[in-house]
Amino acid sequence: MTEVAAPSASAVLAGAVRQLDAAGVPDAGRDARRLMAHALEVPPARLSLVLPEPMTVEAQARFATLVARRAERVPLSHITGEREFWGRAFRVTGDVLDPRPETETLIAAALEAPFASVLDLGTGSGCILLTLLAERPGTIGTGTDLSPCALAVADENRARLGLDASAALLPGSWTDPLSADARFDLIVSNPPYIAAGEMDGLSPEVRRHEPRMALTDEGDGLAAYQAIAARAPDHLAPGGRLMVEIGPTQGGAVAALFASAGLRDVTVRPDMDGRDRVVSAKSAQNPAS
């Protein structure tokens with residue numbers, strides 16, 4: 001009996017691209033390559049070197065399982081278990097938002113000025129808080145989140161980045177876990193800002209697999225900003241900055257909330273696509289001279 005040669009990884013990959021494309025997965029080729037690298041346990045940058053080689057039956061089975069999950073619109077990061085953000089790999093599960101490139105606009109804005117302490121409201125995976133601490137060695141930070149499961153993911157990311165001594169993670173809503181006298185040079189947040197009526201229009205990856213409480217306030221999308229505007233100024237150090245990510249149509253409304261809260265120098269910043277993405281403001285109290 002003639003033994004059938006094992007197919008090359010390249011041939012198996014081509015079939016996976018067709019399967020994902022038929023399932024309506026955006027950028028099916030990119031995702032198939034990432035899943036192939038994960039199945040073969042090779043760095044994505046080295047995948048091209050192994051594509052001509054035959055795939056074992058075991059590797060084909062692993063890859064087929066991964067591709068089937070992606071075809072069901074499970075997010076790529078949930079399958080591989082991590083997402084790159086600002087050049088670092090973060091653990092991601094269905095208990096936290098998937099870090100997105102547009103959130104790096106918030107990181108870039110925060111890094112424009114020095115800070116010694118930072119508070120992240122609704123920290124989720126911890127990608128914002130931990131990135132800022134990693135980029136500014138010697139700083140300290142606190143992340144709060146209502147979800148114990150989200151805090152567990154943030155705790156894992158804190159350990160992976162060696163930031164256990166720099167970051168405190170506290171359970172609770174917004175500023176509730178803080179002491180009354182806690183003050184920070186920088187307060188950041190990527191809160192739930194999607195209006196309830198917009199949820200059905202989200203991609204299946206987001207709508208089915210990301211935590212709803214981190215996506216929407218079940219109202220007009222502004223409730224979180226109202227809470228932050230009411231509470232965060234009391235925890236800003238003199239001259240401290242407050243920065244939040246927003247949806248692209250919310251700049252004017254959020255800026256008005258911050259101005260009404262007595263904050264100064266309120267500005268709306270665009271992301272790389274030119275859409276409003278970050279509202280920033282400063283404490284009404286100037287730093288001591």
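Is His-235 buried or exposed? In this predicted model, His-235 is buried, with a relative accessible area of 7%, a value that falls under the 20% limit used for buried residues. The residue has its place in the loop between α10 and β7, the latter covering residues 236-245. Its surroundings can be read from its contacts: residues up to four places away in sequence aside, His-235 touches Thr-175, Leu-178, Ser-179, Ala-180, Ala-182, Arg-183, Phe-184 and Ile-187. One of these partners, Thr-175, is 60 residues away along the chain, and the C-alpha atoms of His-235 and Thr-175 are separated by 8.3 Å.

With that residue as a starting point, the whole chain can be brought into view. The protein chain contains 11 helices and 9 strands. Its C-alpha atoms fill a box of roughly 85 × 40 × 30 Å along the principal axes. Of the 289 residues in the protein chain, 47% are buried, and His-235 is one of the buried residues. Among contacts with a separation of 6 or more, 64% join residues 24 or more positions apart.

The surface and the charges come next. About 13500 Å² of the protein chain is exposed, and carbon and sulfur atoms supply 53% of that area. The chain carries 27 positive and 37 negative charges, and the mean positions of the two sets are 2 Å apart.

Empty space was examined as well. Rolling a probe the size of a water molecule over the atoms shows where such space is left. The largest pocket has a volume of about 1000 Å³. Its lining is made up of 47 residues, and those nearest its centre are Leu-97, Pro-191, Pro-192, Ala-214 and Leu-215. Helix α7 (127-135) and strand β4 (140-145) each supply at least two residues of this lining.

Two tryptophans deserve a look for their backbone angles. Trp-86 has a phi near 50°, which is a positive value in a residue other than glycine. This tryptophan is found in the loop between β1 (82-85) and β2 (88-91). With a relative accessible area of 26%, Trp-86 is partly exposed, because the value lies between the 20% and 50% limits. For Trp-174, phi is likewise near 50°, again positive in a residue other than glycine. Trp-174 lies in the loop between β5 (167-171) and β6 (184-189). At 16% relative accessibility, Trp-174 counts as buried, because buried means under 20%.

Several alanines in helices fill in the picture. Ala-230 belongs to helix α10, which spans residues 223-231. Its relative accessible area is 56%, so Ala-230 is exposed, the limit for that class being over 50%. Ala-230 and Ala-261 are 31 residues apart in sequence, with 6.6 Å between their C-alpha atoms.

Tyr-225 can be related to another helix through Ala-253, whose place is in α11 (residues 251-260). The C-alpha atoms of Ala-253 and Tyr-225 are separated by 9.3 Å, and the two residues are 28 residues apart along the chain. Ala-253 has 35% relative accessibility and therefore counts as partly exposed.

Ala-71 lies in helix α4 (residues 57-71). Neighbours within four places in sequence aside, Ala-71 is in contact with Gln-19, Leu-20, Ala-23 and Val-25. At a relative accessible area of 21%, Ala-71 is partly exposed, because the buried class takes in values under 20%. Ala-71 and Gly-141 are 70 residues apart in sequence and 39 Å apart in space, C-alpha to C-alpha.

Technical notes
Residues numbered from 1 in each chain as written. Predicted model: local features only at pLDDT ≥ 70, side-chain atom pairs only at ≥ 80, totals over all residues. Heavy atoms only, no water. Helix = DSSP H or I, 4+ residues; strand = E, 2+ residues; numbered from the N terminus. Buried < 20%, exposed > 50% of the residue type's maximum accessible area, 1.4 Å probe, protein only. Contact = heavy atoms within 4.5 Å. Areas by Shrake-Rupley, 256 points an atom, 1.4 Å probe, with all protein chains shown as cover. Lys, Arg positive; Asp, Glu negative; His and termini not counted. Charge placed at Lys NZ, Arg CZ, Asp CG, Glu CD. 1 Å grid on protein atoms, 1.4 Å probe; cavity = no way out; pocket = protein on both sides within 12 Å on 5 of 7 lines; lining within 4 Å. Points joined across faces, edges and corners; volume = space filled by probe spheres on them.
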